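Load the model in your viewer and follow the stops below. Each one says what to select and what is there.

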Amino acid sequence: MSLLTNGESPLYFSLNEKMSAVLFYTLFYLLMSGCIIYPPTEFVSAGLTVKDVFANWLGSENEFFVQYHIRRSVATLLLHSALPLGYVLGLLFFDHIDAEKLLLNDGNYLGPLIVLCATIVPLYTLNKVFEWSVNNWATHPIAKNLSVYGNNNTPWTSVASDINTEYRRIDKIVIVTNSVTRVIATDNWIIKITPYKLQVAHQSDATLVVNKSDVHFMSPTTRDQVQFINIQVKPMRAMAQEFDIRLNALDFKDLQDKVSRPIAVLHNIRFHRTLLDRFIDTFKEEVDKNPFYDTAEELGQCIGCMQALSNVKLNRLCNSTENRDVDDCTTCFCRPMWCIECMAKWFASRQDEDTPETWLSSKCTCPLCRARFCVLDVCLVRNPND
């Protein structure tokens, strides 16, 4: 006979075990549902996404781009709408959970309501999909969006055919913003792909404005901070829907070079258009921490850009050892002839393009005398008489 302490009964242990099983199953299902809705890198690599699982039904994206994404949006919507019903069915098949008592117990009105809602949602979605599929998907939201761009009452399929043709060209730009969103720029179209939508704008009548930028210090793909910008795409055509594009600031130039319309940037928005721009700003911040180099000699124009005044001097300040290595910094005897921006560009040009995270800790050689230096040796020039 087992001994029970503190008046605890077998019923208490049984109820406790069931609640723990329900909690474990719920947390596990929520985790898996989150990975299905917003697949992480591991799910994408393993092919556990809508486009991979339903690849045979979806067809070829490269051949029939618009039709492919109509089917993909339908498959995504049906799968996501079935997740609540999948949770309920999972409870029924979980051996450690008495689902019938949990959901359909007498006097329990919340359980039947959950079952009813979980059943109605996928059924309503399925009915909606059948309505969209009539007349070759003419009433699907993507088709309605494309029909806005039909001239002289041409059907949406003509617009879709034009987009399909341009997508097949190799000169298009494809920017992956996250695991469920992509931005595509062709010769005449700007396209944003989301799980349920395909938002398009014709470049000839669209206004693009950078209206926001933000910096984050953690990213799955970078070791340093990453900057994102928000671009508002506003079509001028009647009934056309505007949308926003959020992308890495370093992808801005690729998009800008492809679109035929100028991308306006609000006066209060500052961001790094290229990796070099970002490095130059970081280089300046590090040089500002170094001591000044005092000199009374007259400074001339920078020999790199011939526009700014030369304002930096290579002055060996970093720590050195008695047994100097060949990679140690050396003394530069050149007078100040470069501006800080040109020196930063020269420094970046001598680094490995594939490892930008090591640029700041690397070394470079003086453009004239080839003396080796690091960022710690770059000093801003100051005239003590001023």
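Select strand β10, residues 312-314, in this predicted model. With 3 residues, β10 gives the most to the lining of the largest cavity. Add the rest of the lining: alongside Val312, Lys313 and Leu314 come Cys332, Cys334, Arg335, Pro336, Met337, Trp338, Met343, Cys366 and Leu368. Colour the lining by class and you get 10 nonpolar, no polar and 2 charged residues. The space inside is about 70 Å³. How many cavities of 30 Å³ or more are there? The count is 1.

Keep Met343 selected; this lining residue leads to the next stop.

Show helix α12 (275-288) and helix α13 (340-349). Their axes come within 9 Å and cross at roughly 115°. The crossing is right-handed. Now pick out the contact residues. From α12, take Leu276, Phe279, Ile280, Phe283, Lys284 and Val287. From α13, take Ile340, Glu341, Met343, Ala344, Lys345, Phe347 and Ala348. By class, this contact holds 10 nonpolar, no polar and 3 charged residues.

Move on to the sheet. Its 4 strands run in the order β7-β6-β5-β8, and the sheet is open with mixed pairing. Which strands sit at the edges? They are β7 (243-248) and β8 (263-265), each paired on one side only. On average, neighbouring strands are turned by 30° against each other, direction ignored.

Finish by zooming in on β5 (206-216) beside β8. These two strands pair in the parallel sense over 3 bridges. Select Val209, then its bridge partner in β8, Ala264.

Note on methods:
Residues are numbered from 1 along each chain as its sequence is written. This is a predicted model: local features need pLDDT of at least 70, side-chain atom pairs count only at pLDDT 80 or more; totals for chains, interfaces and linings use all residues. Side-chain values use heavy atoms; hydrogens and water are left out. On a 1 Å grid over the protein atoms alone, a cavity is a set of points where a 1.4 Å probe fits but cannot get out, and a pocket is an open set with protein on both sides within 12 Å along at least five of seven lines; lining residues have an atom within 4 Å of a point. Grid points are joined across faces, edges and corners, and a volume is the space filled by probe spheres set on the points. Ala, Val, Leu, Ile, Met, Phe, Trp, Tyr, Cys and Pro count as nonpolar, Asp, Glu, Lys and Arg as charged, and the others, Gly among them, as polar. Axes are lines fitted to C-alpha atoms, for helices over the stretch in contact, and angles run from 0 to 180 degrees between N-to-C directions. A crossing is left-handed if the near helix is turned anticlockwise from the far one by less than a right angle, and right-handed if clockwise. Contact means heavy atoms within 4.5 Å. Two strands pair if DSSP finds at least two bridges between them.
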